[in-house]
Structure formats: C-alpha cells, structure tokens
Amino acid sequence: MKASSPVLSVIVPVHDEADVIPTLIKRLALVCRPLDIPLELLFVDDGSRDNSVAQLLQLRHQYPEIRVLQLSRNFGKEAAVSAGLQNARGEAIVLMDADLQDPPERIPDMVAEWRKGADVVLMKRRSRAGEGWLKRLTAAAYYRLINHISDASIPVDTGDFRLMSRRTVEALNQLPERNRYLKGMFAWVGMPTTTLEFDRDPRAVGQSKWNYAKLLQLAMEGITSFSIRPLRIALALGFLAAGSGALFGVWEVLKALFLGISTPGYASLIAVITFLSGVQLLCVGLLGEYVGRIYLETKQRPLFIIAEDSRASFRDEQPPLHLVSHDPNQH
C-alpha cells in the first residue's frame, strides 16, 4: 500500500440528496477524523438533477477527503455502488446511504471489528424508525422468502450498511454479471463476518425514492438472480395441472360410459380453461424474466460510465472539470 493511499474509504451513492449532504459530511468528518487514519469520502453521483454535485465540489475545499465520481446519467443504485467499489482505494470500505438512516457514528465500531480481523462487519437493523408496519412486514417476508428459495443465505434485516475488507471488495469486483443484486452478491462472496446491531434512524430530510414498484422490481431482481427454484415450481405446477386435467377427463369418460351420466353445461369447463390459461401465462412470464436477463447479459454493456472524477491524478487524463448537466425530464 502506498503511503498516500487511504486506509478507510466511505462510499456514498448520491441521487438528489442536496438537502442532506452538508449534515452528512459534517457527521462523517466528526466521527472519522478522530480515527487518525488516511480517509477517503467517495461520493458517487448517480445523475442527480439538483445541486448535489455542486455542493460536494464546494465542500472539498473544507473537507479534502471528499472525492466525487459523476456517472454520465442515472444508472440506478446498484450500479452506483458498483462504481464506488471499483474505484475506492481504501483497505477497509464502508457502504452507507446518504439519507442518514445509517448512523455514521457506528463507523468507529465497524473499524474496530475490522482491526480485530473481520473481513465483513455487517450492520443488522434492530429497529427501523420512520418506516410503516406494512414496509417492515413485507421486508421481513421478502427476506425469509428469498432465503427459502435461493442457495445463498442473505442476512435478515440488513441493508447495504457494512464494512468490507480490501480482499472482499476485490472478490466482489470479479463478479461479471450485469444484473446485480448486491445483497445477494455480498452473501455469495462470504468471508469471515461479524454482525453488529443498530437502530435505524428516520430519513433526515425528504421522502424515500424507493416506492413499492421499485421495491418489487428489486425483489424480482433478487429472486431471479439467485435462484432457479421459481422455474422448478412452474414446472411442478405444469405437471400438476396436466395430471389433474387428464384424471378429470378419464373420470368424465368413465362416468358417461358406465353410469350414463354426462356433465351438463360448460361453466366448469370454462373455469378449468381459465385457470390453466392463467397458470400458463404466469409460467411464460416467469420464463421471460430469466430469458430477458440472459439477453441483457449477452450484450456485455458496461455497468456505468464515469463522466467525471475529482481525484487529482485522474484529472490529468480527463477534460477540465465541469458539472454534468442532466435533463430534468430524464429518468
């Protein structure tokens, strides 16, 4: 490790978080500077449309530990975190959200566990202030469902807030998939892990950008990225429906031949056909999800494009620093 290399990198993906950035950096500096180790505060701007980047660049004069990566557009949180992991230089890397639900004050405890030898220091949510009962219930059900059907055991009640050693991050960076479900990838890599509990705070400012539609999409990403069991369930449903239909047909024929009883009307027939059609469409849609992911993987597009890097050595190879403008109507 070079003498100037940071020992601790804190990666924070940012998307329209201008209101909370000054408070976040102040709290980070307050808890990280007393650790007396070279520090890198790596902010990855994921296509913000407010003045998040302007604030970060301005605060670099007061906090030289700040480094800003600007992605060329909004690629999504998983891509932004991946950009941070591939560019962080620290021997220990902390991931956290910008909304201050993950308290920076726990970072010294995480570093202490890393110094004892842990490769991963996982932060488990003891409580989740500011979240309704429905979100807590669906989150708990989701983690238990994905752990039941996937091969990788994903820790319950955890998010991205964690510390990872350099060798853990290098192992993660070797995983080539484009459809990235990071919670599952963290679990798949493994490594000696220590778990600490914390009380999650409510958002410091504003509302969460993760609505139920996005959470459902993330859940589908997790399920289809780490398990083929849904396909096997679809296959079992197919066998069950086909077997039931065959048995029902044989029963109707025998009943008509030997008992002289024929089933009147078409109501039951329509009900059976409708049910089976629904099962078939469901299975085809599920299969399409997997095929679609294969299609995306075969294109081999990069996960993200870095438009600007505020790091001085990188500046020598890039055009003069400027703020990336984003179309307000772009999503």
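This is a short talk on the sheet, the cores, the salt bridges and a few helices of one protein model.

Hi everyone, thanks for coming. Please keep in mind throughout that this is a predicted model.

Let's begin with the sheet. Eight strands make up an open sheet, and the order across it is S7-S5-S6-S4-S1-S2-S3-S8, with mixed pairing. At the edges sit strand S7 (193–200) and strand S8 (306–309), each pairing on one side only. Going from one strand to the next, the twist averages 20 degrees. As a reminder, strands of a sheet pair through backbone hydrogen bonds, either parallel or antiparallel.

Now pick out one pair of neighbours. Strand S1 (residues 8–14) and strand S2 (residues 39–45) run parallel and are joined by seven bridges. If you want a spot to click on, try Ile11, which stands opposite Leu42 in S2.

Next, a helix on the sheet. Which strands does helix H6 lie across? Helix H6 (residues 166–173) lies across strand S4 (92–95), strand S5 (120–128) and strand S6 (158–165). Its direction is at about 115 degrees to S6.

On to the inside of the protein. The largest nonpolar core has 41 residues, and Leu8, Val10, Phe43, Ile107 and Met110 have the most contacts inside it. Helix H1 (residues 21–32) gives the largest share of this core, seven residues. There is also a second, separate core of 23 residues, with Leu69, Val81, Ala83 and Leu175 among them.

Let me stay with Met110 for a moment. Leaving aside residues up to four places away in sequence, Met110 touches Val94, Val121, Met123, Phe161, Arg162, Leu163 and Leu196.

Now for helix H3 (residues 77–87). Why is H3 described as largely enclosed by the rest of the structure? Because eight of its 11 residues are buried. The buried ones are Glu78, Ala79, Ala80, Val81, Ser82, Ala83, Gly84 and Leu85. You met Val81 and Ala83 a minute ago, in the second core.

Time for some charges. The structure holds 11 salt bridges. One of them brings together the side chains of Glu40 and Arg67, at 3.1 Å from N to O. Glu40 is in strand S2 and Arg67 in strand S3 (residues 66–71), so this pair ties together parts that are 27 residues apart in sequence. Are these two partners buried or exposed? Glu40 is buried, with a relative accessible area of 2%, and Arg67 is buried too, at 5%. The pair also has company: salt bridges with shared partners join Glu40, Arg67, Arg89 and Asp309 into one network.

Two other salt bridges deserve a look. Arg106 pairs with Asp109, and their closest N and O atoms are 2.9 Å apart. Asp109 is partly exposed, with a relative accessible area of 36%. Then there is Lys116 with Glu113, where the closest N and O atoms are 3.5 Å apart. Here Lys116 counts as exposed, at 67% relative accessibility, whereas Glu113 counts as buried, at 18%.

One last stop, at Ala219 in helix H8 (residues 212–226). Ala219 is buried, with a relative accessible area of 15%. Its C-alpha atom is separated by 9.2 Å from that of Tyr143, and the two residues are 76 residues apart along the chain.

That's my tour. Thanks for listening, and I'm happy to take questions!

How values were computed
Residues numbered from 1 in each chain as written. Predicted model: local features only at pLDDT ≥ 70, side-chain atom pairs only at ≥ 80, totals over all residues. Heavy atoms only, no water. Buried < 20%, exposed > 50% of the residue type's maximum accessible area, 1.4 Å probe, protein only. Helix = DSSP H or I, 4+ residues; strand = E, 2+ residues; numbered from the N terminus. Core = buried A, V, L, I, M, F, W, Y, C linked by side-chain atoms within 4.5 Å. Contact = heavy atoms within 4.5 Å. Pairing = 2+ DSSP bridges. Axes fitted to C-alpha atoms, helices over the stretch in contact; angles between N-to-C directions. Salt bridge = Lys/Arg side-chain N within 4 Å of Asp/Glu carboxyl O.
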